[in-house]
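Okay, thanks for squeezing me in. I'll put the chain up on the screen and then walk you through the bits that caught my eye.

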Amino acid sequence: MMTNEIQDQNLGLIDSPLESHINLLDFQKMFPDEAACLGYLERIRWPNGFVCEQCSNLSEPFRSTIRPRVLKCRSCHYEASITAGTVMHRSKTSILVWFWAAYLVSTHTPGISAKELQKQLGISRYETAFQILHKLRGAMVRSSHDKIGTEWPLELDVIFIGGRTRSGIQGKTNQVPVIIAVEIRRREVRDPKTNKVTKRALAGRIRLQKLPNKTALSVDQFVQNCITPGAAIMSDDGTEFTNLIKRGYDHQPVPMRGDKAKMDRTLPMVSLVTANLKTWIDGTFHGVRKKHLQAYLDEFMFRFNRRFYRSVSFHSLLDLGTLNTGVTYREVYDKLDYATKDEI
Ligand SMILES: [Zn+2]
């Protein structure tokens with residue numbers, strides 16, 4: 001039974017395309033050039049027509065062909081940037097390239113590497129493709145910040161993700177501890193032949209974080225940031241989990257003593273996520289540098305958490321959803337360890 005479940009969920013993550021995506025031809029028709037992209041952004045930002053932030057003037061702004069991203073108020077000459085508040089702000093890369101990058105990232109399963117993106121979009125420098133992907137990943141994590149554990153119990157574990165050693169062989173010294181929390185949801189499944197209903201467990205949302213080390217202190221910090229107080233948590237009886245009860249969690253430690261079969265049985269969702277994560281990292285990126293690991297974890301988390309909802313969207317990737325909320329890009333972005341320079 002366990003095997004079927006794992007296969008089911010593999011399908012959910014790795015194989016099924018995101019259904020709500022626009023097909024390639026439609027996308028091309030919608031966004032044939034930079035002007036179409038800017039028009040789109042402008043309509044999202046000012047759905048009822050341009051409004052000046054400075055003087056609240058409502059008339060059609062001045063437009064310049066030399067600076068197509070800027071709209072200038074007719075009354076006070078204030079200049080508003082169409083891309084402010086999005087990942088594209090101050091970028092020297094064409095908006096069209098950004099749109100295509102977001103399109104490819106949101107529709108490609110299991111993801112796309114910087115090298116592939118560079119090739120597909122004819123981006124001249126590898127670094128540019130890399131920075132674009134990193135900014136898109138930054139947008140992914142911003143959309144998965146709330147705590148888990150309110151509705152469903154959780155499985156928790158610390159695993160090691162192998163960075164590569166210089167010789168290219170996976171080595172212990174280069175491995176990074178990563179903490180995984182997975183919601184255990186239940187759903188009812190009806191057998192079409194017997195009509196019998198059984199309850200099956202499935203992995204709900206996940207949280208993943210690179211830890212500085214495998215200690216109780218690191219685990220405590222993660223848990224406080226990501227898990228609702230009082231949540232039910234199942235884990236092995238490792239010393240890194242010793243404070244959970246003291247901190248008010250309903251914690252059930254289970255002794256494993258390195259027994260892999262028992263581990264799979266007791267923490268099936270953690271085993272599932274770990275297997276998927278490792279396959280994905282190896283298959284898509286062929287090894288990951290330590291300093292970029294959190295960005296990859298964020299992308300995986302984003303994809304995994306959305307596999308039920310289908311619409312990854314393009315919109316959240318470009319940060320278009322925040323255009324009207326008043327949250328500034330800087331405010332959110334400064335907290336993250338990603339490049340914010342203007343070089344891309
Ligand atoms: Zn004005």
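So, serine 56: buried or exposed? It has 10 C-beta neighbours inside 10 Å, and 12 or fewer counts as exposed, so exposed is the label it gets. Serine 56 sits in the loop between helix 3, residues 34–45, and strand 1, residues 62–63. I stopped there since its phi is positive, about 60°, although serine 56 is not a glycine.

Arginine 257 also has a positive phi, near 50°, and again this is a residue other than glycine. You'll find arginine 257 in the loop between strand 8 and helix 8, the latter being residues 260–266. Arginine 257 has 8 C-beta neighbours inside 10 Å, so it counts as exposed.

Before anyone asks: yes, this is a predicted model. Mean pLDDT for the chain is 79, with 78% of the residues at 70 or more. Over residues 1–20 it is below 50, and that stretch has 25 contacts in the model beyond near neighbours in sequence. Residues 324–344 also stay under 50, and there the model has 23 contacts beyond four places in sequence.

Next, strand 7, residues 232–236. Four of its five residues are buried, so the rest of the structure largely encloses it. Its partner is strand 8, residues 250–254: the two run parallel, joined by five bridges. If you want a pair to click on, aspartate 236 stands opposite valine 254 in strand 8.

Now the core. Which residues have the most contacts inside the largest nonpolar core? Those are Ala101, Ala102, Leu136 and Ala181, in a core of 68 residues. Helix 4, residues 95–107, gives the most to this core, with ten residues. Zoom in on alanine 102: leaving out residues up to four places away in sequence, it touches Leu136, Phe314, Leu317 and Leu318.

Last stop, helix 10, residues 293–305. A quick sanity check on geometry: at 1.5 Å a residue, its 13 residues should span 18 Å, and the end C-alpha atoms are 18 Å apart, so that agrees. Twelve of those 13 residues are buried, so helix 10 is largely enclosed by the rest of the structure. The buried ones include Asp298, Glu299 and Arg303, along with Phe300, Phe302 and Phe304.

That's my tour. Happy to rotate anything you'd like to see again.

Methods. Residues numbered from 1 in each chain as written. Predicted model: local features only at pLDDT ≥ 70, side-chain atom pairs only at ≥ 80, totals over all residues. Core = buried A, V, L, I, M, F, W, Y, C linked by C-beta atoms within 7 Å. Buried ≥ 20, exposed ≤ 12 C-beta atoms within 10 Å, placed from the backbone. Contact = placed C-beta atoms within 7 Å. Pairing = 2+ DSSP bridges. pLDDT = per-residue confidence, 0-100. Expected span 1.5 Å × (residues − 1).
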